[in-house]
Amino acid sequence: MELSNLKLDKSIFEEMLRDRLSNDTIEILRIEHRCLSEKGLNFLSELYDVSIIYKSKKNTKTECSFNVIIKTEPINNASRNYLHEHNLFSFELRCVRDALPRIAKYVHCQLGPLLFYGSLHPPVLLMENLKKKGYVLKNRQKGLPFEHCRLAIERIAKMHAGSVAVFEEDPELIESFKDGGLISQTNPENFLHLSISSLTRIADQIQQWPNEWCAPVAKKLVKLSTTIKKRFSNVYDCDADEFLVLNHGDCWINNMLFKENEKGQPVDLLMVDYQLTVFSSPAFDLLYFLYVCPECDIRYDNDDYFLKLYLDILKETMESIGCKRKPPTMEQLKAAMHKKRIFAVLAGIIFSLRMIANKEDIEEFQDIERLGGTKMDVFKNPDAVKLAHKLFPSMDAKGYLD
């Protein structure tokens, strides 16, 4: 999609700049852009890096540049239909415009990029370019080092705590996200085909491996493939007294931008892509993060540490901002995670093994639709084989495959 097809009048950029720079004499000279979307990794959006070249009538001799990220709906029909059916653009606009700023005020830290302009007609977000401010993406194939994981868990805990405070102040706003999330009763057939075919293909492959755990795990994966549709349909259901927060909903590496010091140590983190935000159990963000983000060498070995850190930060933050609700205990949190364990299957098996694939091996969303399921060999990358030898025994020991 060319930027001109977005039907964004130049006056929108002009108004945005005049407001941001407190200068009502700004005049737009030209707009330059390049597409940032990667094959198979941005299936719910198109991203553009946009430079707005302008001048001020106060200084007509000098040209200046202001950089923004433009996010709009995806080009291909399968992804766009999914976006429309689940009203995801509306969810993200409401989150970054209404919810995040209020949460940030409670927890005293920025949580995502600043929103400069948002619209549903056409569906477009103009946001600050975090890379221009020194934020970087980590390597999705390698995963996050330990200290980056620590910071991410702390930030997730603060967001969750702040959302409790906003809910107690304005329940209608936070409850408006209860129908969000990645999976639902109305998931399209290609999403279900991806899930079912992933489980059966992986089962076929690992049962050929010599390890003693392989055959029993493969059998469980096949059984999961027959029940996953039903289990997806009620995964977000919650008990009346269950602890609920506003989840980011898509806590993986490409949605986290870190600012690092000269030693490569993380000093700040902002999360992007709030399309899948959902008001539900914190188990969703935690399961997604733990099964997708840490480096292979540390993945699953530090889950209890990260969960304790999460609860410590959650409790400390909720108390400091005056929340009336009490945070869950470790026992309650683990029980919620076990109850939502099908989400761990989605994150850990169906997604994480695909996420570390080489770019040339990644499937497009429309390919999955056309083929009626995945044909991708997730074990083509040796790192995926290494990860699988930790992933499946760990999940099986926790009862997540049952």
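Y300 is found in the loop between α8 and α9 (303–320), where helices (H or I, at least four residues) and strands (E, at least two) are DSSP runs numbered from the N terminus. The model is a predicted one, in which local features need pLDDT of at least 70 and side-chain atom pairs count only at pLDDT 80 or more, whereas totals for chains, interfaces and linings use all residues. Residues are numbered from 1 along each chain as its sequence is written, and side-chain values use heavy atoms, with hydrogens and water left out. The phi angle of Y300 is near 75 degrees, a positive value in a residue other than glycine. Y300 is also buried, with a relative accessible area of 10%; here buried means under 20% relative accessible area, exposed means over 50%, and partly exposed lies in between (1.4 Å probe, protein chains only).

A positive phi, of about 65 degrees, likewise occurs at D273, which is not a glycine. D273 lies in the loop between β9 (266–271) and β10, and with a relative accessibility of 19% it counts as buried. Another backbone feature is the cis peptide bond that joins H121 and P122, for which omega is about 5 degrees; P122 is placed in the loop between β4 (115–120) and β5 (123–128).

As a whole, the protein has 13 helices and 10 strands, and its C-alpha trace spans about 75 × 50 × 45 Å along the principal axes. The radius of gyration is 22 Å, which agrees with the value near 21 Å for a compact globule of 402 residues; this radius is taken over C-alpha atoms, and the globule rule is 2.2 Å times the number of residues to the power 0.38. Buried residues make up 56% of the 402 residues. Of the contacts (heavy atoms within 4.5 Å) with a separation of 6 or more, 75% are accounted for by residues 24 or more positions apart. The accessible surface comes to about 18,100 Å², and carbon and sulfur atoms hold 48% of that area, as computed by the Shrake-Rupley method with a 1.4 Å probe, for which, in the case of residues, only the protein chains shown count as cover.

Helix α8 is largely enclosed by the rest of the structure, because 10 of its 10 residues are buried. The buried residues of this helix include the aromatic positions F284, Y288, F289 and Y291 as well as D285. Preceding α8, S281 is placed in the loop between β10 (278–280) and that helix, and S281 is buried, with a relative accessible area of 1%. When neighbours within four places in sequence are left aside, S281 is in contact with C238, E242, F243, L244, V245, N247, A336 and K340. Helix α11 contains A347, which counts as buried at 0% relative accessibility. A347 and L287 are 60 residues apart in sequence, yet their C-alpha atoms are 7.4 Å apart in space. Not counting residues up to four places away in sequence, A347 touches L287, Y288, Y291, V292 and S352.

Helix α13 (residues 382–397) has 16 residues and reaches 24 Å from its first C-alpha to its last, close to the expected 22 Å, the expected span being 1.5 Å times one less than the number of residues. A kink of about 30 degrees in α13 is centred on A388, where the bend at a residue is the angle between axes fitted to the seven residues ending there and the seven starting there. A388 is among the buried residues of this helix, together with A384, L387, L391, F392, S394 and M395. The buried residues of α13 pack against α6 (189–206), α7 (214–233), α8 (283–292) and α11 (341–355). At the N-terminal end of α13, N381 acts as the cap, with a side-chain oxygen 2.9 Å from the backbone nitrogen of D383. After α13 comes G399, whose phi is positive, near 80 degrees.

A further buried loop position is S45, which is found between β1 (26–35) and β2 (46–56) and has a relative accessibility of 3%. Beyond the residues up to four places away in sequence, S45 touches S37, K71, T72, E73, P74 and Q275.

Terms used:
A polar contact is a pair of N or O atoms within 3.5 Å; within protein, one must be able to donate a hydrogen and the other to accept it, and residues adjacent in sequence count only if both atoms are side-chain atoms.
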